[in-house]
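The following exercises concern a predicted model. Each task is followed by a solution in steps.

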Amino acid sequence: MSLPGEVDVFEIDLPELFAFKEPVLAAANARPVCGRHVVAADLREDWAGALRANGFRGDVPTHWVDEGVLGYLRREDAMRVARTLTDLSVPGSHFGLAEFDTAQHSERYTELRRLVRGGGDGPREPSGLGPDAERWLAENGWRTAFRQWDDLVAPLDRPAVLGSRDLGLILAVRE
């Protein structure tokens, strides 16, 4: 990603993922063009402390990108992450949150469920921020707007139209 040199990117992920990723990047001779901070932390634990220890400044507006990870966390863990990043966000901060059409037993997601659950396809406890994510954000100091996936990819002239009004991105700005 070509970002200006004065931008700081904080990648938060599990230590074992960085153990795999960093040697791959080194072997490819990949070099960031901006400030890159590797934050090995589990979002279910004290990731804010690890973020601060790696140079995160809470007085600067931040752009948070979910990249779909919240949907893999139990609802209570995902809500804790949302509360923490809200606490870390000064006015003017942004949060991009994927919104998926993920009916628990939808035929459309059979293969994905199998992969994520290691073959299990039974009932699962609620995950992610849930269907009221946009309302929760609004109630907690975020101004939100929803953009449908089809509208987001239309300018790219790519065959990625899905025809779902429920699939897209919640764009939130901290007030």
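## Exercise 1: The largest pocket

The largest pocket is lined by 45 residues, and V9, F10, E11, I12 and E67 are those nearest its centre.

**Task.** State the volume of the largest pocket, and determine which elements give two or more residues to its lining and which gives the most.

**Solution.**
1. The volume of the largest pocket is about 1,500 Å³.
2. Two or more lining residues come from each of β1 (8-13), α1 (15-27), α2, β3 (63-65) and α3.
3. Of these, β1 gives the most, with six residues.
4. By class, the lining comprises 29 nonpolar, 13 charged and three polar residues.

## Exercise 2: E67 at the pocket

**Task.** Establish where E67 is placed, and whether E67 counts as buried or exposed.

**Solution.**
1. E67 is located in the loop between β3 and α3.
2. The relative accessibility of E67 is 76%, and exposed means over 50%; E67 therefore counts as exposed.
3. The backbone of E67 has a phi near 55°, which is a positive value in a residue other than glycine.
4. E67 is also among the residues that lie nearest the centre of the largest pocket.

## Exercise 3: The largest nonpolar core

**Task.** Describe the largest nonpolar core by its number of residues, the residues with the most contacts inside it and the elements that give two or more residues to it.

**Solution.**
1. This core has 26 residues.
2. W47, W64, L70, F95, L97, L129 and L137 have the most contacts inside the core.
3. The elements that give two or more residues are α2 (47-53), α3 (75-87), β4 (94-99), α5 (133-139) and β6 (168-174).
4. The most is given by α3, with five residues.
5. As one example of the surroundings of a core residue, W64 is in contact with W47, L51, F56, L85, L88, S89, H94, F95, G96 and W142, leaving aside neighbours within four places in sequence.
6. As a general background, nonpolar side chains in soluble globular proteins tend to be buried together.

## Exercise 4: Two helices

**Task.** Compare the end-to-end reach of α1 and of α3 with the span expected at 1.5 Å a residue, and state what the buried residues of α3 pack against.

**Solution.**
1. α1 has 13 residues and should span 18 Å; its end C-alpha atoms are 19 Å apart, which agrees.
2. α3 also has 13 residues, and its reach of 18 Å from first to last C-alpha is close to the 18 Å expected.
3. The buried residues of α3 are D77, A78, M79, V81, A82, T84, L85 and T86.
4. These residues pack against α2, β3, β4, α5, β5 (142-148) and β6.
5. Just after α1 comes N29, with a positive phi of about 55°. N29 is not a glycine, and it is found in the loop between α1 and β2 (35-40).

## Exercise 5: A loop residue

**Task.** Decide whether T62 counts as buried or exposed, and identify what T62 touches.

**Solution.**
1. T62 lies in the loop between α2 and β3.
2. Buried means under 20% relative accessible area. At 14%, T62 therefore counts as buried.
3. Not counting residues up to four places away in sequence, T62 touches F56, S93 and H94.

## Exercise 6: The chain as a whole

**Task.** Determine how many helices and strands the protein chain has, and in which pattern they follow.

**Solution.**
1. The protein chain has six helices and six strands.
2. Along the sequence the pattern is β-α-β-α-β-α-β-α-α-β-α-β.
3. The chain has 175 residues, of which 31% count as buried.
4. Among contacts between residues at least 6 apart in sequence, 71% join residues at least 24 apart.

Notes
Residues are numbered from 1 along each chain as its sequence is written. This is a predicted model: local features need pLDDT of at least 70, side-chain atom pairs count only at pLDDT 80 or more; totals for chains, interfaces and linings use all residues. Side-chain values use heavy atoms; hydrogens and water are left out. A nonpolar core is a set of buried Ala, Val, Leu, Ile, Met, Phe, Trp, Tyr and Cys residues joined through side-chain atoms within 4.5 Å. Buried means under 20% relative accessible area, exposed over 50%, partly exposed in between (1.4 Å probe, protein chains only). Helices (H or I, at least four residues) and strands (E, at least two) are DSSP runs, numbered from the N terminus. Contact means heavy atoms within 4.5 Å. On a 1 Å grid over the protein atoms alone, a cavity is a set of points where a 1.4 Å probe fits but cannot get out, and a pocket is an open set with protein on both sides within 12 Å along at least five of seven lines; lining residues have an atom within 4 Å of a point. Grid points are joined across faces, edges and corners, and a volume is the space filled by probe spheres set on the points. Ala, Val, Leu, Ile, Met, Phe, Trp, Tyr, Cys and Pro count as nonpolar, Asp, Glu, Lys and Arg as charged, and the others, Gly among them, as polar. The expected span of a helix is 1.5 Å times one less than its number of residues.
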